[in-house]
Amino acid sequence: PMTINQKHVNYVINGTKNADHEIGEVVLKYLPTALKNPVAIISSTTANSTSLVAIISITHNGHQIIAPVYIDGAARQNGVVIDSNAITTVHSRKNAISTLLANALNDESNGKIGIYYWDKKRALALLSGEKVTMPNSLNTLSDGSIHSILENDSPVKPKLKNITESQQF
């Protein structure tokens, strides 16, 4: 399951953190649908051993929305602790494409894991709109799943190797 805590919901609806986080109730309600069909899922630059960043197909104030997700987190629901992938925040970022996605592509070009999944057509459209210089190796990068967090060389180290290790199982 995916969870988001009350503090981050407050940021999204009321903008109590900053304007980049205030994306509104409509977008928040659409978030589960958008996460099912992301533009890309890339390595986190700030917490790459525990998190991924989903670039979703929604913009706010002209900026792409991203949702960093902490893999194998935990949440409390009705007093019960559940294993979950925790959405740590949702915000619009002016550099989501020009910096975050471009850096992930450069990592891939340099033999590092940068992209776990991408919808090549939609991602390339976003990159061309930002006038990002494309690495030469981009042409060989396939559409869809590129890497798995379960690969030995993945920087993300999930706590649960198998769903049977979850509390819900």
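**Calls and cut-offs in a predicted model**

Me: What does Asp107 touch, not counting residues up to four places away in sequence?
Reply: Asp107 touches Lys112, Ile113 and Gly114. A contact needs heavy atoms within 4.5 Å. The model is predicted.

Me: Why is Asp107 called partly exposed?
Reply: Its relative accessible area is 27%. Buried means under 20% and exposed means over 50%. The value of 27% falls in between, so Asp107 is partly exposed. Asp107 sits in helix 3, residues 96-109.

Me: How far apart are Asp107 and Ser43, in sequence and in space?
Reply: They are 64 residues apart in sequence. From C-alpha to C-alpha they are 9.5 Å apart.

Me: What makes Ser43 buried?
Reply: Ser43 has a relative accessible area of 13%. The cut-off for buried is under 20%, so Ser43 counts as buried. Ser43 belongs to strand 2.

Me: What does the side chain of Ser43 reach, and at what distance?
Reply: The side chain reaches the backbone oxygen of Ile113, at 3.2 Å. A polar contact is set at within 3.5 Å, so the 3.2 Å pair meets that distance limit. Ile113 also appears among the contacts of Ser43, alongside Val53, Gly114, Tyr116 and Pro155; neighbours within four places in sequence are left aside.

Me: How do you know that strand 2 pairs with strand 3?
Reply: At least two bridges are required, and 4 join strand 2 (residues 40-43) to strand 3 (residues 51-60), so they pair. The two run antiparallel. Ala40 stands opposite Ile55 there.

Me: What makes strand 2 and strand 7 a pair?
Reply: They share 3 bridges, and at least two are needed, so they pair. The sense is antiparallel, and strand 7 spans residues 115-118. Ile42 has Ile115 as its bridge partner in strand 7.

Me: Why are Lys29 and Glu25 said to meet in a salt bridge?
Reply: The N to O distance between their side chains is 3.1 Å. The limit is within 4 Å, so this is a salt bridge. Both residues lie in helix 2 (residues 25-36), 4 residues apart, about one turn of the helix.

Me: Lys29 and Glu25: how is each classed, exposed or buried?
Reply: Lys29 has 62% relative accessibility, which is over 50%, so it is exposed. Glu25 has 44%, between the two cut-offs, so it is partly exposed.

Me: How many salt bridges does a search of the whole structure find?
Reply: The search finds 2. Asp119 forms one of them with Arg122, where the closest N and O atoms are 3.0 Å apart. That is within 4 Å, so the pair qualifies as a salt bridge.

Me: Asp119: buried or exposed?
Reply: Asp119 is at 18% relative accessible area, under the 20% cut-off, so it is buried. Arg122 is at 23%, between 20% and 50%, so it is partly exposed.

Me: Which residues of helix 2 are buried?
Reply: Val27, Leu28, Leu31, Ala34 and Leu35 are buried. They span an arc of only 105° around the axis, so they sit on the same side of helix 2. Val26, Lys29 and Lys36 are exposed on the other side.

Me: What do the buried residues of helix 2 pack against?
Reply: They pack against strand 1 (2-4), helix 1 (6-14), strand 3, strand 4 (63-77) and strand 5 (80-87).

Me: Why does Leu35 count as buried?
Reply: Its relative accessible area is 18%, under 20%, so the call is buried. Leaving aside neighbours within four places in sequence, Leu35 is in contact with Met2, Ala54, Ile56, Ala67 and Ile87. Leu35 and Met2 are 33 residues apart in sequence and 9.7 Å apart from C-alpha to C-alpha.

Me: What makes Ser84 buried?
Reply: Ser84 has a relative accessible area of 3%, under 20%, so it is buried. Ser84 lies in strand 5.

Me: What joins the side chains of Ser84 and Thr3?
Reply: A polar contact of 2.9 Å joins them. The limit is within 3.5 Å, so 2.9 Å satisfies the distance.

Me: Why is Asn61 called exposed?
Reply: Asn61 is at 62% relative accessible area, over 50%, so it is exposed. Asn61 lies in the loop between strand 3 and strand 4. Its phi is positive, about 55°, although it is not a glycine.

How values were computed: Residues numbered from 1 in each chain as written. Predicted model: local features only at pLDDT ≥ 70, side-chain atom pairs only at ≥ 80, totals over all residues. Heavy atoms only, no water. Buried < 20%, exposed > 50% of the residue type's maximum accessible area, 1.4 Å probe, protein only. Arc of directions from axis to C-beta. Polar contact = N/O pair within 3.5 Å; in protein donor to acceptor, adjacent residues only side chain to side chain.
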